[in-house]
Amino acid sequence: MLTIEPGNAILGATVTGVDLAHPLSETDFSRVVRALGQYGVLCFPKQPIDAAALRSFSARFGDLQVLSRNAEPGMPEVSILSNVVENGRYIGTPDAGQDWHTDMTYNRIVGFVNVLVAHKVPTRNGKPLGATEFTNTQAAYEDLPADIKTTLANATALHDWNNFHEIMRHKGSKRPPLSEAERRQRPPVSHPVFLTHPISGRKVIYVNPGFAVRINELEPDESRKMLDYLFAHVLQPKYRYAHHWTVGDALIWDHLGTWHCAIADYTPEEYRLMKRCQVLADKVFDPDFLKAMPGAPMRVSQTA
Ligand code: SIN
């Protein structure tokens, strides 16, 4: 039987009693979706599923983003995130996600869920390295001063894929600049600064340091100050939670109510290997997707 055990932090729960190599029942899937809205980050321990099962499980939540760089052979929806070197080259992206961001806010259809399976986890002196850290943007919204909530109630922000790319390059990443074709493929887009979480019905702060570059309705200086204020607010330790990986963990998290950052505290000789699917929020904002799920009604709302 599927069991969901919340941890004692601001995010995070452990899910047991299911085998992700096989399709979840409608009821179990519905419980997982609700839990995502409530706990943000769900760990399914001891689920060393292969890339095909990872893809099938992930596709229940929505369409999968396809990236041309560093994917599983024959499966462009499954990215490899890894510092493992074979035949003199990395088998995956070695420094994916190593700064605060929310995946896919640079898309017109934003991200809903990430699904990562841990194949190699670096350890030192018996302690796991390469944790993924999260911060809770639902809790952070609630604590914002009333005047900020009012000022930004209908504001929108511009999100640019290239911004995170350049942050990483400034930090020393060897990734090449995005090509003109790649930039044209994903031009900057605007989303509300605050949006209502489709599952929990709570408001979230929907700008993140990786991709949000401008609050459209403010002058450039004011916009920069406001973004810096919001980023510092969300990054306060009281909203944060770190997942320390074990090989075989399948971790899923809700992009709409969190930011995350992969912690680069291991050396090139300490191998980390994750396989990842990125799920778009093409279904979760559709009231029929949530209404069709067994169990009590979920909160349903639109992005803006
Ligand atoms: C990501 O940002 O999607 C990667 C997170 C991780 O590797 O921990």
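By class, the shell of residues around the ligand comprises three nonpolar, five polar and three charged members, where Ala, Val, Leu, Ile, Met, Phe, Trp, Tyr, Cys and Pro count as nonpolar, Asp, Glu, Lys and Arg as charged, and the others, Gly among them, as polar. The model is predicted, so that local features need pLDDT of at least 70 and side-chain atom pairs count only at pLDDT 80 or more, whereas totals for chains, interfaces and linings use all residues. Residues are numbered from 1 along each chain as its sequence is written, and side-chain values use heavy atoms, with hydrogens and water left out.

The residues surrounding the ligand (those with a heavy atom within 4 Å of it) are Leu81, Gly97, His101, Asp103, Asn114, Leu116, Thr132, His260, Ala262, Arg272 and Arg276. Polar contacts were taken as pairs of N or O atoms within 3.5 Å. On this criterion, a polar side-chain atom of Thr132 lies 2.5 Å from an oxygen atom of the ligand, a side-chain N or O atom of His260 is 2.8 Å from a ligand oxygen, and for Asp103 the corresponding separation is 3.4 Å. The ligand taken alone exposes 260 Å², of which the protein buries 99% (accessible areas by the Shrake-Rupley method with a 1.4 Å probe). Two or more residues of the shell are given by each of β8 and β19, helices (H or I, at least four residues) and strands (E, at least two) being DSSP runs numbered from the N terminus.

The ligand sits in the largest pocket, in the sense that more than half of its atoms lie within 2 Å of the grid points of that pocket. On a 1 Å grid over the protein atoms alone, a pocket is an open set of points with protein on both sides within 12 Å along at least five of seven lines, a cavity is a set where a 1.4 Å probe fits but cannot get out, and lining residues have an atom within 4 Å of a point. The largest pocket has a volume of about 1,000 Å³, a volume being the space filled by probe spheres set on grid points joined across faces, edges and corners. Of its 47 lining residues, Thr93, Pro94, Asp95, Ala96 and Arg175 are the closest to the centre. The largest share of this lining, four residues, comes from α5, and the lining divides into 19 nonpolar, 18 polar and 10 charged residues.

A search of the whole structure finds two cavities of 30 Å³ or more. The largest cavity, with a volume of about 50 Å³, is lined by Leu81, Ser82, Asn83, Thr93, Pro94, Asp95, Ala96, Gln98, Tyr266 and Arg272, which divide into four nonpolar, four polar and two charged residues. The second largest cavity has a volume of about 40 Å³, and helix α1 (residues 26–39) gives the most to its lining, with four residues. The lining of this second cavity divides into three nonpolar, seven polar and one charged.

Methods. Polar contact = N/O pair within 3.5 Å; in protein donor to acceptor, adjacent residues only side chain to side chain.
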